[in-house]
Amino acid sequence: MKFEFYNPTRLIFAAGALARLGEVTREQGKRALLVTGGGSVKKNGVFDRAVASLNAAGISFVECAGVEPNPRITSVVRGAERARAEGCDVVIALGGGSTMDAAKVMAAAVFYDGDPWDMIYHGQPAPHVPVRSLPIITVPTLAATGSEMNDGAVITNAKTIVKSFVSAECLYPRVALVDPELTLSVPKQQTAFGVCDLITHVTEGYFNGVDGTPLQDRFAEGTVITAMEWGPRAVANGADLEARAQVQWASVVALNGWVQVGVNAAFPVHMIEHVLSAHHDVAHGAGLAVVNPAWMRFAARDRPARFAQFAERIWGVPATFGNEAARAREGIDRFESFLRGLGCPTRLAELGIGESQLQRYAEDALHVAHDRQGRLPGRPSLSKDEIVEVLRAAL
Ligand SMILES: [Fe+2]
């Protein structure tokens, strides 16, 4: 038990909290860069309500619209230039994980004269880890990435086909304004992908962390069970505000640091998925639904007891069911069936990905993250051939 924990983000969680956007923004600045994604917030009225709240509080703003899924570094550059040119003193992200991640890096890029890609970890420590940013306010419109209350962001470089991350203290949002009403119009598929993403944030730590973390195990199990109970309801009936709220809270908790405290885990499933997104622009949660069960089957060979615990505590597999290895497999099968039931893909073929480039994906994953032996960090760490084996099992 040896750890430090820090999370300075003020979380405001309530249906209807969007109405407070102006009030909380006024505490941070006077002129906002308002970052949005593909336009759904304009169609469903969320943008207009946000603007009304800002206007009422006397906040002026300039827009940076059109942040794409798997946000590009080019969007970060565009937003940072606009914030600088317009003299913005606060950044508001109104959108999903992509919008929030891009907005966070824009807020830091405002203070960096070099190429913002320098801030992204890829293969070796980033040339420039940001230490300063404009104050960031996140207003998530999707329950998934947890980016609203953490210090991370994932950005894609379309030129070099690299998708990687930055995490830095200055990227913690000052305020996360989490309003589950904003997720009511999210389509079924995106809702399902979000549930898969949040579960995967938890399973990465659960399976790749150090031993002897009983409280974190229970946090993780509780988060997955909550997502299991409420995720299908949110998918079945998007207008179910209670289900939306429970799923959104689970997504915040899954990656705001609490579940991961002291666990010291690598995120191998994410590292492998990022390569698929970089090459094929697949939705992050969909890629995870394919990679995670395949990775689990591989990793369970080394640690059947851990996976048997997952099966028993979360998926209701009785302790009397076969041996540890059999229980481990049964738990993973049930997890995979759950994902399918939600409407997630679980095979690479469903993402339109074949076997021709598996070696390349493995090399690219290792390019972004590797230990001293050149292996992908995790439990177990993976060689290039082993990453290929995981992906082959998911074809
Ligand atoms: Fe994720």
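**View 1. What helix α9 packs against in this predicted model.** The buried residues of α9 sit against two strands, β6 (152-157) and β7 (162-167), and against helices α6 (188-208), α10, α13 (358-368) and α14 (384-393). With 11 of its 13 residues buried, α9 is largely enclosed by the rest of the structure. That buried set isn't just greasy side chains: it includes His-270, Glu-273, His-274 and Ser-277, along with Met-271, Ile-272 and Leu-276.

**View 2. The span of α9 and what follows it.** Helix α9 covers residues 268-280 and runs 19 Å from its first C-alpha to its last, close to the 18 Å expected at 1.5 Å a residue. Just past the helix, Asp-281 takes a positive phi of about 55°.

**View 3. The largest nonpolar core.** This one counts 133 residues, and those with the most contacts inside it include Ala-32, Val-35, Val-91, Ile-92 and Ala-365. Helix α10 (residues 284-300) chips in the most, with 10 residues. The core also takes at least three residues from each of domain 1 (10-183) and domain 2 (188-393). Zoom in on Ile-92 and, leaving out residues up to four places away in sequence, you'll find it touching Thr-25, Ala-32, Leu-34, Val-35, Ile-137 and Val-139.

**View 4. An open sheet of six strands.** Read across, the order is β1-β8-β5-β4-β2-β3, with parallel pairing. The edges belong to β1 (10-13) and β3 (60-64); each has a single partner strand, so one side of each is left without a neighbour in the sheet. Neighbouring strands are turned by 20° against each other on average, direction ignored.

**View 5. Pairing of β1 with β8.** Four bridges join β1 to β8 (residues 175-178) in the parallel sense. Look for Ile-12, whose bridge partner in β8 is Leu-177.

Key
Residues are numbered from 1 along each chain as its sequence is written. This is a predicted model: local features need pLDDT of at least 70, side-chain atom pairs count only at pLDDT 80 or more; totals for chains, interfaces and linings use all residues. A nonpolar core is a set of buried Ala, Val, Leu, Ile, Met, Phe, Trp, Tyr and Cys residues joined through C-beta atoms within 7 Å. A residue is buried if 20 or more other C-beta atoms lie within 10 Å of its own, exposed if 12 or fewer, and partly exposed in between; C-beta atoms are placed from the backbone. Domain bounds come from an automatic or database domain assignment. Two residues are in contact if their C-beta atoms, placed from the backbone, lie within 7 Å. The expected span of a helix is 1.5 Å times one less than its number of residues. Two strands pair if DSSP finds at least two bridges between them. Axes are lines fitted to C-alpha atoms, for helices over the stretch in contact, and angles run from 0 to 180 degrees between N-to-C directions.
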